[in-house]
Amino acid sequence: MIKIKIKKLNEIYIKYKQIKNILKFENTNKKNNSLKTQKELNSIKNKILKLNKKYDKQKIKNDIKKIHKKIEKLKKKCFFTNKNDIKNCYLNIQSGSGGIEAQDWSSILLKMYNKWAIKKKFKTKIINQNIGEFKKTKSATLFIKGKYAYGYLKNETGVHRLVRKNPFNTNKKRHTSFSSIYIYPETKKKKKNIILNNSEIKIDVYKSSGTGGQHVNKTESAVRITHIPTNIKTQCQKNRSQHKNKKQAIKQIKKKLNNLKLFKENKLKKKTEKQKAKIEWGNQIRSYILDNSIIKDTKSKIETNKIQDVLNGKIDIFLEKTLEINYREKNEFKNKKKKINKY
C-alpha cells in the first residue's frame, strides 16, 4: 500500500514540476530572444494560458504543500518502525574530560537540542541541571514532548567532541572537550507498575546549587534517589519544595527502571551498554571542529561548514540521513535473510 501511494504522489509531483518549469521557461524567454520563430513563442503562451485557466498559482502551491505533508507521513511510516519511536523522550547530557571547557560544551549542546525541539514545535522542559563553575553545565536532563521525539533523536546517543581555541585560557590554546549524550523514551503508566521498596532505595537530601534565591540555598530542597540493586540515580532540584522534588525524582527513577525492563525483554541491554561509550577520544559520533569551521558526523558521514546553523538547532541533515541509512541496512539484512532461507 505504501509503495502504491508513493508512486501516485510522485506522478502528481512530476505534473506540478512540469507546470512550474513551463512557467519559468516563459519568464526567462521574455528577456532572451533566442526562440527561432514567433509561432513557437505564441504556442508556449497559449499553453500557459490554458494551464492558468485550469490551475491557479495559489492552488498549485497549496497542493504541493499537501503532497509534501503526505510524503513526510510516509517517510515516518518507513523510518519509525520501533514501538518507542512515537514516544516523548529524555535527553541526558554529561560533561567529560576538559574541565570548564567541557561544561561549557555541555551548555552549548543543551541549547542546540532545545532549539531543535522548538523548531519542530515540540515542548521542552529542563528536569535537572547540575551547574558547575561559571554557571556552566556539569550534567542535565531535558524532557522533549512531541510525536516521534525519540524516533528522531535515538541515534544521537554517544560522545560529542568539540575542538576550538579555549576561551577560558589566557593563551587561547587549541583544546578538545567531550560530552556524552544518552536518549531514552518516556514510559507511559501501564497496568504493570514498578513497585519501589524502601529497602532498595537510598534518599539523599542536600542544598540546591546555582541561582534560585535565598529560600533555595538555605533549605535542603534538592533530592537525590539511588536505586541500590541497579545503581540508577536520579536527582531533582528544580522546585523549592522538597516534597515536589522527591515526587519528581521518584517518577524519573520509575521511568528509568521501566526502560531498563523493556531493554531486557527485547534483548537490547548489550546494545545500550555499547552505546554508552567512555567519554573520551575515539568514541565520538560527531566532531565539531570550530577553528577549522567543519562538523564531521561519523554515523551519516556528512561534513558541513555551517557551524552556526547546526549549533542553532539545524541538525535534521544528520538525523534524517542516519535514519535513511538505518532503514536501508535493515532492508538489506531482510533481503539477505530471504535469500538464505530460499537456499
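Accessible areas on this tour come from the Shrake-Rupley method with a 1.4 Å probe, and for residues only the protein chains shown count as cover. The protein exposes about 22,900 Å², and carbon and sulfur atoms supply 51% of that area.

This is a predicted model, in which local features need pLDDT of at least 70 and side-chain atom pairs count only at pLDDT 80 or more, while totals for chains, interfaces and linings use all residues. Residues are numbered from 1 along each chain as its sequence is written, and side-chain values use heavy atoms, with hydrogens and water left out.

**The whole chain**

Start with a cartoon view. You should find ten helices and eleven strands; these are DSSP runs numbered from the N terminus, with helices being H or I of at least four residues and strands E of at least two. Next, colour by burial: of the 343 residues, 37% are buried. Here buried means under 20% relative accessible area, exposed means over 50%, and partly exposed is in between (1.4 Å probe, protein chains only). As for contacts (heavy atoms within 4.5 Å), take those between residues at least 6 apart in sequence: 64% of them join residues at least 24 apart.

**Stop one: the salt bridges**

How many salt bridges does the structure hold? There are ten, each being a side-chain nitrogen of Lys or Arg within 4 Å of a carboxyl oxygen of Asp or Glu.

Select R164 and D104 first. Their side chains meet in a salt bridge, with 2.4 Å from N to O. R164 sits in strand β4 (residues 158-165) and D104 in helix α4 (residues 100-119), so you are looking at a link between distant parts of the chain, 60 residues apart. Are these two partners buried or exposed? R164 counts as buried at 12% relative accessibility, and D104 is buried too, at 9%. Now add E101 and K136 to the selection: E101, D104, K136 and R164 are linked in a network of salt bridges.

Move on to K120 and D316, whose side chains form a salt bridge of 3.7 Å, N to O. K120 is in the loop between α4 and β2 (123-131), and D316 is in helix α10 (residues 316-342), so this pair ties together parts that are 196 residues apart in sequence. K120 is partly exposed, with a relative accessible area of 24%, and D316 is partly exposed with 24% as well.

For one more pair, select K255 and E186. The closest N and O atoms of this salt bridge are 3.9 Å apart. K255 belongs to helix α7 (residues 242-265), whereas E186 is in the loop between β5 (174-185) and β6; the pair links distant parts of the chain, 69 residues apart. Both K255 and E186 are buried.

**Stop two: a positive patch**

Switch to a surface view and select K65, K66, K69, K70, K73, K77, K121 and K147, which form a positive surface patch. Patches are made of residues with over 30% relative accessible area and no salt bridge, with like charges joined within 9 Å and nonpolar side chains (Val, Leu, Ile, Met, Phe, Trp, Tyr) within 5 Å. Lys and Arg count as positive and Asp and Glu as negative, while His and the chain ends are not counted. The place of a charge is taken as NZ of Lys, CZ of Arg, CG of Asp or CD of Glu. Zoom in on K66, found in helix α3 (residues 57-79); K66 counts as exposed, at 54% relative accessibility.

**Stop three: two strand residues**

Select K202 in strand β6 (residues 201-206). K202 is partly exposed, with a relative accessible area of 46%. Which residues does K202 touch, not counting those up to four places away in sequence? They are R224, I225, T226 and I228. Draw a distance to H227 as well: the C-alpha atoms of K202 and H227 are separated by 6.6 Å, with their positions 25 residues apart along the chain.

Then pick S139 in strand β3 (residues 137-145). S139 is buried, at 9% relative accessible area. Leaving out residues up to four places away in sequence, S139 touches I93, Q94, N128, Q129, N130 and Q235.

**Last stop: two loops with positive phi**

Select K135 in the loop between β2 and β3. Phi of K135 is near 60°, a positive value in a residue other than glycine, and K135 counts as exposed at 64% relative accessibility.

Finish at N231, in the loop between β7 (222-227) and β8 (232-236). N231 is not a glycine, yet has a positive phi of about 60°. At 53% relative accessibility, N231 counts as exposed.
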